[in-house]
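This report walks through one chain, from a single residue out to the whole fold. Please keep the viewer open while reading.

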Amino acid sequence: MPDVFAEVTADRLDRAVIETFVLTPQDGAMVTFEGVIRDHDHGESVELLDYEAHPDAEEFLRTVCEEIAREFGVRVAAAHRIGRLGVGDVALVASVASAHRSDAFAACSALVDRIKERTPIWKRQHLATGTTEWVNL
């Protein structure tokens, strides 16, 4: 099983810790994605988000990271934040490192897509109109 870093936490995410985990002297490329809370969605103003996770969400995240590491032959780390986040806060940091940039870009893109598809984390958007809506249920 590949050595990966996977974390679901209410704490602020530390990009440097995640990047330090993946980068080795053999790597010539590192790609990191940060998912940042934006101020709008589908034409409506968003004020904040509440993220909630299934109790086993971190294991789902770890499985996804391990799959990407095996498929692409890269080092993988990902952390997802839960709790109340405001505009500009970072909700997801995903990073991969490899010898070549094309592999790193492809692996990071696949990693983020798979995290969104398979990790049971849901967000409740608080809109400026005073209404809320659940996303990814």
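Which residues does V96 touch, not counting residues up to four places away in sequence? The model is predicted, and in it V96 touches V22, A29, M30, V31, V74, R75, V76, A104, A107, C108 and L111.

**V96 and its surroundings**

V96 is found in strand 7. Its relative accessible area is 0%. The cut-off for buried is under 20%, so V96 counts as buried. T32 is 64 residues away from V96 in sequence. In space, the two C-alpha atoms are 6.6 Å apart.

**The nonpolar cores**

V96 also belongs to the largest nonpolar core, which has 32 residues. C65, V76, V96, L111 and I115 touch the most other members. Many elements feed this core. Those giving two or more residues include strand 1 (5-9), strand 2 (29-36) and strand 4 (44-53). Helix 2 (57-72), strand 5 (75-81) and strand 7 (90-98) do so too. Helix 3 (101-118) and strand 8 (121-127) are also among them. Which element gives the most to this core? Helix 3 does, with 7 residues.

I115 shows what such packing looks like at the level of one residue. Beyond the residues up to four places away in sequence, I115 touches L61, V64, A78, L92 and A94. A second core is separate from the first and has 8 residues. V22, A79, V90 and A97 are included in this second core.

**Two further buried positions**

C108 sits in helix 3. Leaving aside neighbours within four places in sequence, C108 is in contact with V31, T32, F33, A94 and V96. R70 is 38 residues from C108 along the chain, and their C-alpha atoms are separated by 13 Å.

H126 lies in strand 8. Is H126 buried or exposed? H126 is buried, because its relative accessible area of 15% falls under the 20% limit. Its contacts, again without residues up to four places away in sequence, are S45, V46, E47, L48, D50, R84, T131 and T132.

The three positions compare as follows.

| Residue | Element | Relative accessible area |
|---|---|---|
| V96 | strand 7 | 0% |
| C108 | helix 3 | 4% |
| H126 | strand 8 | 15% |

**The chain as a whole**

How many helices and strands does the chain have? There are 3 helices and 9 strands. From the N terminus on, their order is β-α-β-β-β-α-β-β-β-α-β-β. The radius of gyration is 15 Å, close to the 14 Å that the globule rule gives for 137 residues, so the chain is as compact as a globular protein of that length. Along the principal axes, the C-alpha trace spans about 50 × 25 × 25 Å.

Of the 137 residues, 44% count as buried. Contacts reach far along the sequence. Among contacts with a separation of 6 or more, 73% come from residues 24 or more positions apart.

The surface and the charges complete the picture. The chain exposes about 7,300 Å², and carbon and sulfur atoms supply 49% of that area. The chain carries 14 positive and 24 negative charges. The mean positions of these two sets are 2 Å apart.

Note on methods:
Residues are numbered from 1 along each chain as its sequence is written. This is a predicted model: local features need pLDDT of at least 70, side-chain atom pairs count only at pLDDT 80 or more; totals for chains, interfaces and linings use all residues. Side-chain values use heavy atoms; hydrogens and water are left out. A nonpolar core is a set of buried Ala, Val, Leu, Ile, Met, Phe, Trp, Tyr and Cys residues joined through side-chain atoms within 4.5 Å. Buried means under 20% relative accessible area, exposed over 50%, partly exposed in between (1.4 Å probe, protein chains only). Contact means heavy atoms within 4.5 Å. The radius of gyration is taken over C-alpha atoms; the globule rule is 2.2 Å times the number of residues to the power 0.38. Accessible areas come from the Shrake-Rupley method with a 1.4 Å probe; for residues, only the protein chains shown count as cover. Lys and Arg count as positive and Asp and Glu as negative; His and the chain ends are not counted. The place of a charge is taken as NZ of Lys, CZ of Arg, CG of Asp or CD of Glu.
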